[in-house]
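Here is a friendly tour of the charged pairs and cysteines in one protein chain. Have the coordinates open as you read.

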Amino acid sequence: MPMSPALAVARLRSLQSDFPERFESLLAASADTDPDVDAAVREVVAAVRREGEAAVLAYTRRFDGVTADTLSSLRVPARDLDAAWDAVDAAERAALTEAAHRIRSYHERQRQESWHYLDEDGSMLGQRITPLDRVGVYVPGGRASYPSSVLMNAIPARVAGVAEIVMTVPAPSGALSPLVLAAARLAEIDEVWTIGGAQAVAALAFGAGPIRAVDKIVGPGNRYVAAAKRQVFGAVGIDMLAGPSEIVIVCDGSAPAEWIAMDLFSQAEHDEEARAILISPDGEFLDRVEAAIALMLPELARADIIARSLAAHGALIEVRDLDEAIGLVNRLAPEHLELAVANAECLIEGVRHAGAIFLGTRTPEAFGDYCAGPNHVLPTARTARFSSPLGVYDFQKRTSVIGCSARGARRLAGIASTLARGEGLTAHAHSAELRGSDDGDTGD
């Protein structure tokens with residue numbers, strides 16, 4: 001069934017001569033920078049770094065319509081977190097609790113431990129694993145309410161052993177989501193500040209009044225928040241530079257077309273830059289999904305956003321077989337990949353690049369967003385080729401440890417001296433040679 005022009009989604013076929021060029025255009029989506037946004041954010045970051053609390057208060061008044069004399073008045077007290085927990089209904093508390101349990105259980109398996117060994121000379125070599133001291137979690141606020149982001153960012157930090165977790169969430173005109181505050185209580189966040197935007201990122205990075213600087217900033221945000229994270233990176237760590245949300249679904253036709261259409265909607269509804277792509281060797285199945293999109297879309301609350309997203313960045317791709325489909329997946333390196341096929345486990349070995357993989361027709365990406373357990377903070381814009389989901393390892397540092405025995409020092413001295421002299425660094429060579437002599441040998 002052909003779709004109306006307003007609901008047009010690109011149809012591609014790998015056998016068509018223009019397929020390489022058309023598919024290449026799908027690879028162009030990325031977390032591109034906007035010079036105007038960068039310039040505006042640079043001004044905010046510089047002001048906060050220079051003026052601290054005064055700048056944060058000024059920008060909070062300007063952008064969020066919140067007037068405060070001190071930043072301390074914008075800190076949410078623990079009693080308000082308790083009150084928010086009590087205010088949400090029982091079903092919401094139960095959902096938050098179960099989601100938090102599953103997220104914690106999954107991430108506890110990621111925790112790394114220190115290790116060491118003795119080499120043949122009796123020298124000790126190893127690695128110390130230690131948590132970061134203080135982490136900032138940025139959570140969008142106002143019209144948006146993302147308690148899942150609170151849990152996904154804070155729980156891995158807590159599992160890693162981070163001592164202090166600080167959350168910033170904007171409250172335009174004083175609006176705060178009880179669900180977000182309830183999630184903050186459940187995740188045992190130490191400080192919650194009602195500030196947002198680039199000024200919140202800068203305050204976390206450099207400190208401002210009562211807000212002490214953190215070691216790393218994580219969490220989603222709009223393009224101004226993303227630009228601010230990019231600009232403060234180096235002074236602090238960040239999780240990643242995220243682009244628009246994306247999903248790629250590989251389907252053999254065994255799933256109901258309505259399920260797959262709704263899974264495409266689930267990503268397209270984020271914003272009009274989101275990317276939703278379906279790949280299948282079954283052309284008739286693609287026709288059924290196309291028809292389901294046309295039928296179901298008008299009933300959705302965010303239909304206009306979904307329609308613009310699908311028209312600009314969506315695609316239904318017909319391929320020769322599932323092997324060709326997986327080849328395209330690896331080129332797309334998607335944030336979310338659904339293998340909605342029979343015997344999905346047989347395809348997973350061929351997937352090299354994806355942020356998260358959802359196996360089978362009964363595993364929608366939405367489960368991963370909220371409660372399955374793995375983290376929903378994932379690499380976008382093809383960065384899954386070289387990066388990973390947020391995890392406990394992002395909140396732990398690795399420190400090398402070297403302790404030489406006398407025999408080990410003598411052995412390493414000759415190697416280090418030779419290489420140092422080859423590089424023209426004679427002080428390095430002399431430092432090594434001194435340890436290789438018998439002078440000062442304690443007999444260890």
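## Salt bridges and cysteines

Glu120, Asp121, Arg407 and Arg411 are joined in a network of salt bridges. A salt bridge here is a side-chain nitrogen of Lys or Arg within 4 Å of a carboxyl oxygen of Asp or Glu. By this rule the count comes to 21 salt bridges.

Before going further, please note that this is a predicted model, in which local features need pLDDT of at least 70 and side-chain atom pairs count only at pLDDT 80 or more, while totals for chains, interfaces and linings use all residues. Residues are numbered from 1 along each chain as its sequence is written, and side-chain values use heavy atoms, with hydrogens and water left out.

Three pairs are worth a look on your screen, with the N to O distance for each.

| Basic residue | Acidic residue | N to O distance |
|---|---|---|
| arginine 134 | glutamate 164 | 2.9 Å |
| lysine 216 | aspartate 394 | 3.8 Å |
| arginine 320 | glutamate 324 | 2.5 Å |

Where does the pair of arginine 134 and glutamate 164 sit in the chain? Arginine 134 belongs to strand E4 (residues 134–138) and glutamate 164 to strand E5 (residues 164–168), so the salt bridge links distant parts of the chain, 30 residues apart. Strands (E, at least two residues) and helices (H or I, at least four) are DSSP runs, numbered from the N terminus. Arginine 134 is buried at 3% relative accessibility, whereas glutamate 164 is partly exposed at 28%. For these words, buried means under 20% relative accessible area, exposed over 50%, and partly exposed in between (1.4 Å probe, protein chains only).

The salt bridge between lysine 216 and aspartate 394 ties together parts that are 178 residues apart in sequence, because lysine 216 lies in strand E7 (residues 216–218) and aspartate 394 in the loop between helix H15 (365–370) and strand E14 (396–403). Lysine 216 is buried at 11%, and aspartate 394 is buried at 19%.

In the pair of arginine 320 and glutamate 324, arginine 320 is exposed, with a relative accessible area of 51%, while glutamate 324 is buried at 19%.

Now to the cysteines. How many disulfides does a search of the whole structure find? The search finds zero, a disulfide being a pair of cysteine sulfur atoms within 2.5 Å. For cysteine 346, the nearest cysteine sulfur is that of cysteine 251, 16 Å away. Cysteine 346 is exposed at 64% relative accessibility, and cysteine 404 is partly exposed at 36%.
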